[in-house]
Amino acid sequence: MAEVDESSKPMFAGLSDVSISEDIAVEGEINVPVRSTSQDDEFSTLDEPVKDTILRDLKAVGKKFVHVMYPKKSSTLLRDWDLWGPLLLCVTLALMLQGGSVDNKEDGGPQFAEVFVIIWFGSIIITLNSKLLGGTISFFQSLCVLGYCIMPLTVAMVVCRIVLLGGTGTGSFIVRLIVVTASFGWSTFASTAFLADSQPPNRKALVVYPVFLFYFVIGWMILTFSPSQ
């Protein structure tokens, strides 16, 4: 009798006799993940009234102002950064530093565009310097901190304008000098308190020095301001 060639048998011929016992329990569950909409609904602002959105943003800006007036090592300005507060302070300071008449070129104060450019250009330069020195904060976070910390100098500008209503004598200059010096120190201290932890320990002085010059220039513009006659 001729032998049957085993190579001619089908490859899976024996699998038809294999069966799975019904006594073996199949473990595990197959669940289709359902996306929770509660969190999305909680943080969604698409259906929020415009009034509520504006009030919430104003409260956030106000809280950052409080952090600047009472500076401490906090990540609030870095975590919830925005540029609305710095823009408001920059515009307010530029308007008050303006001599009172846009067309009067002989006034004692700089023009609006000059102040605006000095503040924002200086903030950008300090931010780039911080990043090049190994800072761990983002570009806009640094702009936010530097912009909000102009608030003490803006308050000093308001006080100086009030003092100048009484004249420009020696007593007026001394009062303005004290106010501007205190505000300058407060702005520098507040900004470094927020930015200190984001810089390498051996390079903090290289970061603080440009910040010192930045607020010094703004303080000098406030101190030397004289209203148009």
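## A walk through an all-helix chain

Let's start with how the chain meets itself: among contacts in the protein chain between residues at least 6 apart in sequence, 75% join residues at least 24 apart. Keep in mind as you look around that this is a predicted model.

What are the building blocks? The protein chain has nine helices and zero strands, so a reading along the sequence gives the pattern α-α-α-α-α-α-α-α-α. Of its 229 residues, 34% count as buried. On the outside, the accessible surface of the protein chain comes to about 15,300 Å², and carbon and sulfur atoms account for 65% of that area.

Now turn to a pair of helices that touch. Helix α7 spans residues 151–164 and helix α9 spans residues 204–223. Their axes lie 10 Å apart and the two pack at an angle of about 10 degrees. How are α7 and α9 oriented to each other? An angle under 35 degrees counts as roughly parallel, and α7 and α9 are therefore roughly parallel to each other. On the α7 side, the contact is made by Leu153, Met157 and Cys160; on the α9 side, by Tyr215, Ile218, Gly219 and Ile222. Sorted by character, the residues of this contact divide into six nonpolar, one polar and no charged. The polar one is Gly219, because glycine is placed among the polar residues in this scheme.

Cys160 deserves a second look, since this residue of the α7 contact is buried, with a relative accessible area of 1%. Cysteine 144 is buried too, with a relative accessible area of 0%. Does that lead us to disulfides? How many does the structure hold? The count is zero. For cysteine 144 the reason is distance: the closest cysteine sulfur, in cysteine 149, is 8.7 Å from its own sulfur, too far for a bond, because a disulfide calls for sulfur atoms within 2.5 Å.

Finally, visit helix α5, which covers residues 112–132 and contains serine 123. Is serine 123 buried or exposed? Serine 123 is buried, with a relative accessible area of 2%, and the cut-off for that label is under 20%. Leaving aside residues up to four places away in sequence, serine 123 touches Leu143, Leu146 and Phe214. Phe214 belongs to the stretch of residues 204–223 that forms helix α9, so the contact of serine 123 with Phe214 links α5 to α9.

Definitions and conventions
Residues numbered from 1 in each chain as written. Predicted model: local features only at pLDDT ≥ 70, side-chain atom pairs only at ≥ 80, totals over all residues. Heavy atoms only, no water. Buried < 20%, exposed > 50% of the residue type's maximum accessible area, 1.4 Å probe, protein only. Axes fitted to C-alpha atoms, helices over the stretch in contact; angles between N-to-C directions. Helix = DSSP H or I, 4+ residues; strand = E, 2+ residues; numbered from the N terminus. Parallel < 35°, antiparallel > 145°, perpendicular 65-115°, else oblique. Contact = heavy atoms within 4.5 Å. Areas by Shrake-Rupley, 256 points an atom, 1.4 Å probe, with all protein chains shown as cover.
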